[in-house]
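Open the model in your viewer and keep the selection tool at hand, since this tour moves from one selection to the next. At each stop, make the selection first and read on afterwards.

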Amino acid sequence: MAGPWWSGCRRLTKTCTSTSLFESLWHVNGRPVSLSACSLGPTSWSSRPSNERRPSALPAQINRNTLNFTRHKSRLLNPTLQPHCCRSVHSDAKLKDPFTLAQKDLKSLYDDIRKELFVSKEELKSLCDYYFDGKGKSIRPMIVVLMARALNIHSNRDGDLLPGQRTIAMISEMIHTASLVHDDVIDGSDKRRGKTTINEMWGERKAILAGDFILSAASMALARIGNITVVKVLSQVIEDLVRGEFMQLGSKENENERFKHYLEKTFKKTASLIANSCKAVSILVNSDPEVHEIAFQYGKNVGIAFQLVDDVLDFTSGASQLGKPTAADLKLGLATGPVLFACQQFPDLHAMIMRRFSSKGDVDQAWQYVLQSDGVQQTNYLAQRYCEEAIRQISRLRPSAERDALIRLTEMVLTRDK
């Protein structure tokens, strides 16, 4: 039976922005959540175009009885989330294109990565170079590059990257790619980025070794930066990736804990890399902890939103768009945001989640339940709220083309189809 936390959310079923779920990530990696929309008081409703409505705050019952947040006195760490769409946060008529602005710094990124991975053994070289063909989205290094340039300008420097900042952008892509190689082994995947996976082509043992080698090369590059604080920050990413993978292997019986578990796992597996990479480039240029926190919070919120949208696309996009099979998460036994929301309208999903969709017909039935529910809509709303907070954080930096490009990139996260 759903507790007050879930009951409060379900009262918003057909119009839900899922703010209560947004608040459920009360601690991430030991950090109190940066959002305090729950402090705004009872829910008030406002009309939106296309007959859409959403609440501007949390139900007071949920605030008092369910959520136990650590309050920060710092305005930076305890912001108030305003009820607006992403576009309304920023007044510029035309925001800068992030791909254009980052192109100069990313142009030779994959060539430099391949140099880091140089080995004399031809087969190992082929394995390690396989995904570094320049055909990926490069979202993570792009965010890191734009964040670094925005922070440099904010810190009264020119916008050019410091050598260490560019290395961090490269490391972020190397860690991400190594995690994909290992994920594909764990999941038994045969497709990635529209091509056959490494484990399918060379076997699981060699795939694991290739992922390990990419991580070792990233660690060597990290050590050369020579900043112990940066080393600690980016080392946290590796720990989070492993812990997140273990969290993904389990589930929670209690529905309240299940969504918290899902969001914390999402942070560790996806958002931690972006958040800590953004923080790392800030450390190299600015000694102010509040600036470090702005960078971290932007990366965290964008990263979680990115994964929420990814989880939606597993139900709404075709395999040709994603470059991997659809319903992949269900087939792996994973209950993502759309499924967890749908479970409130279709209680039969609860048993399926606990047995990880392992019985005959579970995947097809769960798929139908999600499509018949408002799970996709609610997950999209939740992603939007994370994007709003990311924009609110980055807007605190001094105006620059790169800062505006990060705002634009955040908006693009919500509208991507692959």
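Keep in mind throughout that this is a predicted model. To begin, look for charged side chains that pair up: the structure holds 19 salt bridges, and a few of them will serve as landmarks on this tour.

**Stop one: Arg149 and its partners**

Select Arg149 together with Asp105, and you will find a salt bridge whose closest N and O atoms are 3.1 Å apart. The two residues belong to distant parts of the chain, with Arg149 in helix 7 (residues 139-154) and Asp105 in helix 4 (residues 98-106), 44 residues apart. Are these two residues buried or exposed? Both Arg149 and Asp105 are buried; for Arg149 the relative accessibility is 12%, and because buried means under 20% relative accessible area, that value qualifies.

Now add Glu402 to the selection, and a salt bridge between Arg149 and Glu402 appears, again with 3.1 Å between the closest N and O atoms. Arg149 lies in helix 7 and Glu402 in helix 20 (residues 401-415), so this pair ties together parts that are 253 residues apart in sequence. Glu402 also counts as buried, at 6% relative accessibility. With the three residues shown together, you can see that Asp105, Arg149 and Glu402 are linked in a network of salt bridges.

**Stop two: along helix 20**

Next, select the whole of helix 20, which has 15 residues; at 1.5 Å a residue these should span 21 Å, and the end C-alpha atoms are indeed 21 Å apart, so the expectation and the model agree. Colour its buried residues, among them Glu402, Arg403, Asp404, Leu406, Leu409 and Val413. What covers these buried residues? The cover includes helix 4, helix 7, helix 13 and helix 19 (375-394), so showing those helices alongside is a useful next selection.

**Stop three: Arg416 and Asp310**

Move on to Arg416 and select Asp310 with it, for these residues form a salt bridge in which the closest N and O atoms are 3.2 Å apart. Arg416 lies in the segment after helix 20, while Asp310 is in helix 13 (residues 289-316), so the pair ties together parts that are 106 residues apart in sequence. Arg416 is buried, with a relative accessible area of 15%, and Asp310 counts as buried at 18% relative accessibility.

**Stop four: the nonpolar cores**

Turn now from charged side chains to nonpolar ones, and select Ile143, Met147, Met174, Val339, Leu349 and Phe357, which touch the most other members of the largest nonpolar core, a set of 95 residues. Helix 13 gives the most to this core, with 14 residues. If you centre the view on Leu349 and leave aside its neighbours within four places in sequence, its contacts are Val339, Ala342, Cys343, Phe357, Ala366 and Tyr369. A second, separate core has eight residues, including Leu127, Val181, Val185 and Ile198.

**Last stop: the whole chain**

Finally, show the entire protein chain, whose secondary structure comes to 20 helices and six strands. Buried residues make up 58% of its 418 residues. Among contacts between residues at least 6 apart in sequence, 75% join residues at least 24 apart. If you display the accessible surface, its area comes to about 17,600 Å², of which 50% belongs to carbon and sulfur atoms.

Definitions and conventions:
Residues are numbered from 1 along each chain as its sequence is written. This is a predicted model: local features need pLDDT of at least 70, side-chain atom pairs count only at pLDDT 80 or more; totals for chains, interfaces and linings use all residues. Side-chain values use heavy atoms; hydrogens and water are left out. A salt bridge is a side-chain nitrogen of Lys or Arg within 4 Å of a carboxyl oxygen of Asp or Glu. Helices (H or I, at least four residues) and strands (E, at least two) are DSSP runs, numbered from the N terminus. Buried means under 20% relative accessible area, exposed over 50%, partly exposed in between (1.4 Å probe, protein chains only). Contact means heavy atoms within 4.5 Å. Accessible areas come from the Shrake-Rupley method with a 1.4 Å probe; for residues, only the protein chains shown count as cover. The expected span of a helix is 1.5 Å times one less than its number of residues. A nonpolar core is a set of buried Ala, Val, Leu, Ile, Met, Phe, Trp, Tyr and Cys residues joined through side-chain atoms within 4.5 Å.
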